[in-house]
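Here are some exercises on side-chain pairing, each with a worked solution. Have your viewer ready and try each one before reading on.

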Amino acid sequence: MKYAIMLFLGIGHSRGWRGSGAEASVNTPVRSLVFAADTAVSWRMLLGRRQERELLDGLITAVRKGDSRVLVLEGEAGVGKTALLDLLVDRADGCRVARVIGMQFGTELAYAGVHQLCAPFLDRVGHLPAPQGAALEIALGARAGVPPDRFLVALAVLGLLSVIAKEAPLVCIVDDFQWLDRSSSQALAFVARRLHSESVGLIFAVRDGHSGLGVDSLPHVHLDGLGDDDAASLLAAVVHVPLDARVRQRILTEARGNPLAIQEISRTLTDAELQSGVIFPGTGTASELEASFAQRWSQLPAELQQLLLVAAAEPFADTAMIWGAAELLGITPYASGPAVAAGLCAADSTVRFRHPLVRSGIYHAASPDARRVVHQALADVAGADSAHEWRVWHVARAQLPPDEDVAAELTTAAERTLARGAPAAAAALLREAATYTVDPELRSVRALAAAQAGMQSGQHTQALASLSIAQGSSSSAHTFHRAELIRAQIGAAAARGSGAVPALLAAAKHLEPLDPALARATYLEAFAAALFASSLAVPGGTLHDVASHAHAVQLSPEPTPSDLLLRALAARILPNGERSTELMRAAFDALLSARPVGVASMQALWVAGIAAVDMWEHQYWDRLTDLHVSASREAGAISQLPLALSSRQGAVLFSGDFELADLIGQECAAAAEATESRNVPYTEPVLTAWRGDEAASARIIGSYLNDATARGEGGGVAFMHWARALLANSSGRHAEALVAAREAAKLRHPFDTSSNLGLMELVEAAARTNAHDEARAAITLLEAGMNGSQSTWGRGILARSRALVSAGEDAEEEFRDAIANLERGGIGTELARTHMMFGEWLRRARRIQDARTHLREAHDRFRRMGAAALAARTARELRASGTTVTSVARTDRGLTPQEEQIVRLTAEGLTNPEIAERLFLSPRTVEYHLGKVYNKLGISSRVQLIRKLNA
């Protein structure tokens, strides 16, 4: 008899898997009921859905051939999504099938969905790159370690599915996706966006009305109700009494083709009601279905009711947990027939109720006391030594708040959850802990922690609610101002531009006497926000405002690199700042010699990189951005990569290596897409401008200009105007460049790197249009902005700028000084431009031979870079000097952009797993693309590829 209940609960097997333990075999179809326990309606009688079935057949065929496919099935409750998924399983011959079912009462349990999907495969984690394997094991609680970046966990899931798919095509089904915990839904949405050639099918079933889950952009199919004929056939199959035509029509009209609503007719109404049509519910809505299921549950024998309630209360449908709790409650095993006959449970081997609303209907219909009893039994089965947060989840629901013991357990569980890199789940546990906490001050501490975790996970509304609890429960000034800081950080995350700075400054100021270290970190965060706001800063939120506050902050006896940076920033911005260049270089050196740990250290590297550009210190910029990228990769901080790579791309771009800059830009785009980053990669339009692509530049710059303006990012606005000036100067349209350069440089203030670069373009444009006074004024501003910096980049730009407004020997001396400095500094782009400008000046001085030397040097450099507009401008000068210029077309290998990217990384010596990690792909997809590359290039190995590239 015990086996009967086990079968009824789905104990012993999971849908689509045959065998025991973690090892699973290729799916063998079995007969299973779809619509009801009534054997008259099976999957073989699935009505309608011809197009959907053909689509699913095509999906399976593609997966068997080695492709990957993603599909979202969307529709109202009861419309047949699960029935189609069952059909898909039955038709997936030769494929492995893994099934995940979202649980409405399990949304607070970190990585519960990922655990369902990956637990059978954890013995293959060793096939993943070490950082990914560790991240996944930490997320699933299989090992301890530093909390992993959620995108690294998602990348590990992608890699693991790819590993499994090598053994047999893999079909992953996620039913009730809307009920997955946030950590799992984010991870699986990431995987869906990155699937390519892994032989994996990933199908989500989502109920109507649930958007914003990360799958909105994926291929969708919306399931409407059955057509009239199919609905009528289904009604005839489930109703076995004669129906008046008008009653039949009313039933069909009100059911709107919803299969489950039609099936419930025969269970909800008596034969007399069916035949007369006198008493009939308004519509087959989900709430009515839930009430119908609850009513049927209430008519079952008491022990069976309690057993079903245990199954409803256990979020993972864990076999051992359910049966163990049943034994503790003294439930006598007997046949499951009444529950199956009542249409509450499927008569197959799946761990699921017949419909999700059965579970919620039973749970909501049970009395609070009855729910507490079963939760206590489930908690007792788990045992006090359980390391999983679901145990305390049951403990909490077994007690009435307040209860400090429960609150303490919830807090401990939240800490474990944070350590697994699941802040959304931790926030939910901490919110509940605050509810159970007796002491008001301790409640505020826990609510504050809930807000911090909620902000970290992007759940800003819940975080703000927790802040209100924290501030309302505490009389502590420290707690109040910590809450204000989190409130300010939420505002900065929502709009990092102009409006974020004043709130951050206010929070930092109040925290100075309470928590000096946190205050200093907040001032540095305010600096970062002010750099984005730039010329669009609101009153009280400028860089000068931040510096004025930060300058007075007392540093610790042993200042951190971030503390040194804070002091140097303030000294550089404030009038009469003492030793600012010396302080800044000391901060740079400290940052470069330390090991970055945490997001704050990463942010300090980014701010320092901007400071290096402001000081025209390219070598520091190059080293700081390289460290930012490598540290982000080593720490698995994928969410930091878009900003780090964008900054790194700028440093590489100015060196003149456009190919590497392009490679970094593509990696940045992949990181931004994978992480759904809101960062705007400002280097992309600049690279396009350097290449002289007029149409693309106009489109990209215009789009980015609108985005930056909307975000309140004045630095981005100036950056786009500089890019326009660069493009126009490159093509010799100096009057147009003058207008754009004025826009870039018109609002001068410290650390406005875009204005500095705009001034550089302004000098050339003004000199070429005979606006010499304006050019000299721009040079004065450039020199003042360098604030004593003696960098080779800065000296080179100043010398070239003076040359453009000088004559005779003075101009020649300045040009040669500029070339020498820019060459020493490794500023390849400006070195090539300076050779061109010097060559133009020499030709007009009728020194033709000398002009040709510099023009050829410039032309060769521009051509190798791919700076088409500047190469064309230089070619015109060469022809005017009497030199024939042969245009050399860039080799087109016929590869796609992604194939080119993979080829370049292969040439760097990266392995397939390393390339996959860089591009957020699976190694199998990299292998697939390399195979296509080999075919296109007529080669067969990596060695041949590298030889061909170096030829």
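**Warm-up: one arginine**

Arg 802 counts as partly exposed, at 28% relative accessibility; buried means under 20% relative accessible area, exposed over 50%, and partly exposed in between (1.4 Å probe, protein chains only). The model is predicted, so local features need pLDDT of at least 70 and side-chain atom pairs pLDDT 80 or more, while totals for chains, interfaces and linings use all residues. Residues are numbered from 1 along each chain as its sequence is written, and side-chain values use heavy atoms, leaving out hydrogens and water.

**Exercise 1.** Find the salt-bridge partner of Arg 802 and say where both residues lie.

*Solution.* Start with the cut-off: a side-chain nitrogen of Lys or Arg within 4 Å of a carboxyl oxygen of Asp or Glu. Glu 783 fits, with the closest N and O atoms 3.4 Å apart. Next, place the two: Glu 783 is in helix α38 (residues 772-786) and Arg 802 in helix α39, so the bridge ties together parts 19 residues apart in sequence. Helices here are DSSP runs of H or I, at least four residues, numbered from the N terminus. Finally, check the cover: Glu 783 is partly exposed too, at 43%.

**Exercise 2.** Is the salt bridge between Arg 873 and Glu 840 made by buried or exposed residues?

*Solution.* First the distance: the closest N and O atoms are 3.0 Å apart. Then the positions: Arg 873 sits in helix α43 (residues 868-880) and Glu 840 in helix α41 (residues 828-844), 33 residues apart. Now the accessibility: Arg 873 is buried at 6%, and Glu 840 is buried at 4%. One last step is to look around: both belong to a network of salt bridges whose members also include Arg 833 and Glu 830.

**Exercise 3.** Classify the ring pair Trp 616 and Trp 793.

*Solution.* Rings of Phe, Tyr and Trp (its six-membered ring) pair if their centres lie within 6.5 Å; planes under 30 degrees apart are stacked, over 60 edge-to-face, the rest tilted. That rule gives 14 aromatic pairs. For Trp 616 and Trp 793, the centres are 5.0 Å apart and the planes at 80 degrees, making the pair edge-to-face. Trp 616 is in the loop between α29 (598-614) and α30 (618-634), whereas Trp 793 is in helix α39 (residues 792-804), 177 residues away. Trp 616 is buried at 1% relative accessibility, and Trp 793 is buried at 1% as well.
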